[in-house]
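Colleague: Could you take me on a close look at one part of this model? I am new to this, so please explain the terms as you go.

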Amino acid sequence: MTYAICNSKTFSSPTISPVCSYPNFQITPAMAMAMATAIKRSASAATRAISSATSSSILTRDLHASSGKKKIVGVFYKAHEYAKMNPNFLGCVENALGIRNWLESQGHEYVVTDDKEGPDCELEKHIPDAHVIITTPFHPGYITAERIKKAKNLQLLLTAGIGSDHVDLKAAADAGLTVAEVTGSNVVSVAEDELMRILILVRNFLPGYHQVISGDWNVAGIAYRAYDLEGKTVGTVGCGRIGRLLLQRLKPFGCNLLYHDRIKMDPELENQIGASFEEDLDTMLPKCDIVVINTPLTEKTKGLFDKERIAKLKKGVLIVNNARGAIMDTQAVADGCSSGHIGGYSGDVWYPQPAPKDHPWRYMPNQAMTPHISGTTIDAQLRYAAGVKDMLENYFKGEDFPAQHYIVKEGELASQYR
């Protein structure tokens with residue numbers, strides 16, 4: 001393992017010949033002594049600086065310390081027969097982001113697996129000598145503190161997509177690892193999916209679909225809880241790239257748009273979208289007919305929507321969550337749907353992922369849940385595969401990534417994860 005900060009060395013006085021003859025220049029004994037003194041002072045200062053640095057800051061693994069063969073491990077879901085149905089279906093084990101030939105032509109080792117759980121899984125076997133681990137939010141390889149301790153060669157953790165909460169970010173920062181993701185690669189995909197889910201819940205769409213495939217015809221069984229989206233108050237919890245795109249797409253529907261975020265939107269953009277900033281989350285939530293979760297999962301947002309906060313929501317509220325499942329208290333959501341306090345819940349994120357068969361969200365009423373699919377459209381896969389390749393190219397060349405891609409850099413967490 002190579003570090004950016006080297007060990008200090010003890011410097012001794014140089015041996016300099018009393019007189020060095022050149023056509024127009026001579027070093028006298030006095031000059032030689034002065035040079036030796038200056039070198040000793042510089043060496044002493046360098047030693048003190050290095051000693052101070054090692055005592056006051058983290059030792060960071062040098063992302064670009066060594067050249068030569070690297071071992072890259074990718075964790076993706078298996079597509080089986082679907083892998084051959086679309087050449088642009090890149091985010092699966094079989095097609096491996098489309099970078100296998102490129103990596104192997106440069107002499108690198110590329111191992112791809114979907115086996116990521118337990119002490120005997122395939123990922124665990126490759127942890128100790130992997131230099132780079134690539135995983136996705138859709139089939140996350142959880143990179144825990146224990147795994148980071150075992151990963152003696154590890155330098156870089158890449159997320160093919162957005163959201164790096166499957167990594168223990170504090171442990172990664174403490175170990176001096178770099179964590180990066182393809183920021184912006186699937187924001188359009190997720191925002192479109194959220195709009196679809198809002199309409200599915202508002203119009204009570206799924207019961208009608210289920211009637212059709214079961215051979216029934218009962219209009220009343222659908223219409224008694226179907227509404228228009230126009231005139232409803234929609235609030236987004238978190239208003240980054242995805243939240244802003246969602247608000248822009250909701251504007252033509254004539255909704256009352258609210259947003260809560262740690263950063264207020266630019267006034268011109270806020271006016272253009274027609275959204276109102278709500279500084280206090282608990283003040284905004286009771287106003288909302290529809291709540292959309294668009295905040296990253298951090299220590300501050302984990303379990304943010306617990307039993308007490310859900311109780312503050314308007315009775316019959318509709319909730320869309322494509323952010324992260326662990327932002328919600330699992331049982332509190334299930335209980336809210338069962339009691340009717342939550343009128344409908346839709347999303348594609350669970351905790352853990354894949355969701356176990358006995359996960360209560362599978363069986364609660366008035367839900368429109370799917371596997372984690374919103375950010376992995378074919379268009380998104382092309383974008384995040386290209387982004388991973390670009391960052392690997394930078395990594396091999398010893399160059400920095402675009403600043404927005406960093407989640408952990410030089411021991412520092414990105415602001416949204418603090």
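How many residues of strand β13 (residues 342-347) are buried?

Modeller: Happy to help! This is a predicted model, where local features need pLDDT of at least 70, side-chain atom pairs count only at pLDDT 80 or more, and totals for chains, interfaces and linings use all residues. Residues are numbered from 1 along each chain as its sequence is written, and side-chain values use heavy atoms, without hydrogens or water.

In β13, 6 of the 6 residues are buried, so the strand is largely enclosed by the rest of the structure. (Buried means under 20% relative accessible area, exposed over 50%, partly exposed in between, with a 1.4 Å probe and protein chains only; strands, E, of at least two residues and helices, H or I, of at least four are DSSP runs numbered from the N terminus.)

Now look at the partners of β13. Strand β12 (residues 317-321) runs parallel to β13, joined by 5 bridges (pairing takes at least two DSSP bridges). Here leucine 318 faces glycine 344 of β13. Strand β14 (residues 367-369) also pairs with β13 in the parallel sense, over 3 bridges, and serine 346 has alanine 368 in β14 as its bridge partner.

Next, follow the chain from β12 through helix α13 (residues 330-339) to β13: together they make a right-handed β-α-β unit. Right-handed means that, with the strands pointing away from the viewer, the path from the first strand over the helix to the second runs clockwise.

Finally, step back to the loop between α12 (307-311) and β12, where lysine 314 lies. Lysine 314 counts as partly exposed, at 32% relative accessibility.
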